[in-house]
Amino acid sequence: MAIQTFVMPGEVLSEDVLPVPSNPSVPLKLGPGLRHTPPSTVITTLAGPLRVDRRKNATWIENNSGRYTPQTNDVVIATVHHSSTDWYHCSITPHTAFAQLPQLAFEGATKKTRPQLSPGSLIYARVLSAAKHLDPEIVCYNPSTGKGEGMGELKGGMVFDVSLGMARRLLLNKQRDEGGLVVLDDIAEQVAFEIAVGRNGKVWVKANGVRETLLVGKALQDTDREALKVDEQRKMVKKLLRQI
């Protein structure tokens, strides 16, 4: 598991608990529950375990309660609500303003080749900008590379809700070592499926059939809701796989 320290609101984080990047030029990324006070003070705004991703030089407070607030560079699953001349207006959560998706914000898109999205279409996107008093802007490519990297329209499949903490764990590079998760790896040994995880607590799953898709979604939600440990996840997966 990743290094964790339990913090309370209003604490000033010392340098020894912050990640030390292998590349000093990589800026420190603060996630939910942390606030930067210039020039170099980091203050907690939530109670919970402090999580650290040293590879990405990122840190945040794990907290399953509350609502998702868009953060720059987050990957999200959004639903197209309506469109205008140059934009798709997308819902990330029911309580936030529509995110604005430029109609050309897809890898290699031109006016002739851009995707034609209808209301209700699902998209996997990255938050390009998120300011307090402005609507968030999202794009379906990596701004650093210009490549889609799996982002774009999500066709078929089903969407399952998980907690914000579970979504973050699923997005870790080493799910077992850093997030305590083996559920997807164990299922993948016998069931083929595709998955996209949004930091807004949405998980899109597509398998060969409805039963397999539901199995993956149920396994994730049960692991999340019941806070299953590794051995408990494996027992649950074996039980679910016997049903298909």
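Helices (H or I, at least four residues) and strands (E, at least two) are DSSP runs, numbered from the N terminus. With that vocabulary in hand, welcome to the tour. You are looking at a predicted model, where local features need pLDDT of at least 70, side-chain atom pairs count only at pLDDT 80 or more, and totals for chains, interfaces and linings use all residues. Residues are numbered from 1 along each chain as its sequence is written, and side-chain values use heavy atoms, with hydrogens and water left out.

**Stop 1: the whole chain**

Show everything as a cartoon. The chain holds five helices and 15 strands. Its C-alpha trace spans about 50 × 50 × 35 Å along the principal axes. The radius of gyration, taken over C-alpha atoms, is compared with a globule rule of 2.2 Å times the number of residues to the power 0.38. For 244 residues, a compact globule would come out near 18 Å, and the chain agrees with its 19 Å.

Now switch to a surface. The chain exposes about 13,300 Å², of which carbon and sulfur atoms supply 51%; these areas come from the Shrake-Rupley method with a 1.4 Å probe. Colour by burial next: a residue is buried under 20% relative accessible area, exposed over 50% and partly exposed in between (1.4 Å probe, protein chains only). Buried residues account for 44% of the 244.

A contact map is worth a look too, with contact meaning heavy atoms within 4.5 Å. Among contacts between residues at least 6 apart in sequence, 64% join residues at least 24 apart.

**Stop 2: the open sheet**

Select β1, β5, β6 and β2. Strands pair here if DSSP finds at least two bridges between them. These four strands form an open sheet in the order β1-β5-β6-β2, with mixed pairing. The edge strands, each pairing on one side only, are β1 (5–7) and β2 (29–30). Zoom in on β2 and β6 (residues 58–61): they run parallel and are joined by two bridges. Across that pair, L30 stands opposite T59.

**Stop 3: β7 and its partners**

Select residues 75–83, which form β7, together with 122–129, which form β10; the two pair in the antiparallel sense over five bridges. Which residue of β10 is the bridge partner of V75? Pick R126 and you have found the partner.

Add β8 (residues 87–91), which runs antiparallel to β7 and is joined to it by four bridges. These two strands form a hairpin with three residues between them. Label H82 and H89 to see them opposite each other. While you have side chains on display, keep one rule of thumb in mind: in a regular strand the side chains alternate between the two faces of the sheet.

**Stop 4: β13, β15 and β14**

Select β13 (residues 158–161) and β15 (residues 202–207), which pair in the antiparallel sense over four bridges. Here V159 stands opposite W204. Then bring in β14 (residues 193–198), which pairs with β15 in the antiparallel sense over six bridges. V197 has V203 as its bridge partner in β15. β14 and β15 form a hairpin with three residues between the strands, and G201 in this hairpin takes a positive phi near 80 degrees.

**Stop 5: T213**

Stay in this region and select T213, in helix α4 (residues 210–225). Is T213 buried or exposed? It is buried, because its relative accessible area is 4%. Show its contacts, leaving out residues up to four places away in sequence: T213 touches M158, F160, V205, K206 and A207. Draw a C-alpha to C-alpha distance from T213 to F193 as well: the two are 20 residues apart in sequence and 7.5 Å apart in space.

**Stop 6: backbone details in loops**

Finish with the backbone torsions. Select P38 and P39, which are joined by a cis peptide bond with omega of about 5 degrees. P39 is in the loop between β3 (34–37) and β4 (41–44).

Jump to E149, in the loop between β11 (137–139) and β12 (152–154). E149 is not a glycine, yet has a positive phi of about 50 degrees. This residue is partly exposed, with a relative accessible area of 47%.

Your last selection is A227, in the loop between α4 and α5 (230–241). A227 also has a positive phi in a residue other than glycine, near 50 degrees. With a relative accessible area of 56%, A227 counts as exposed.
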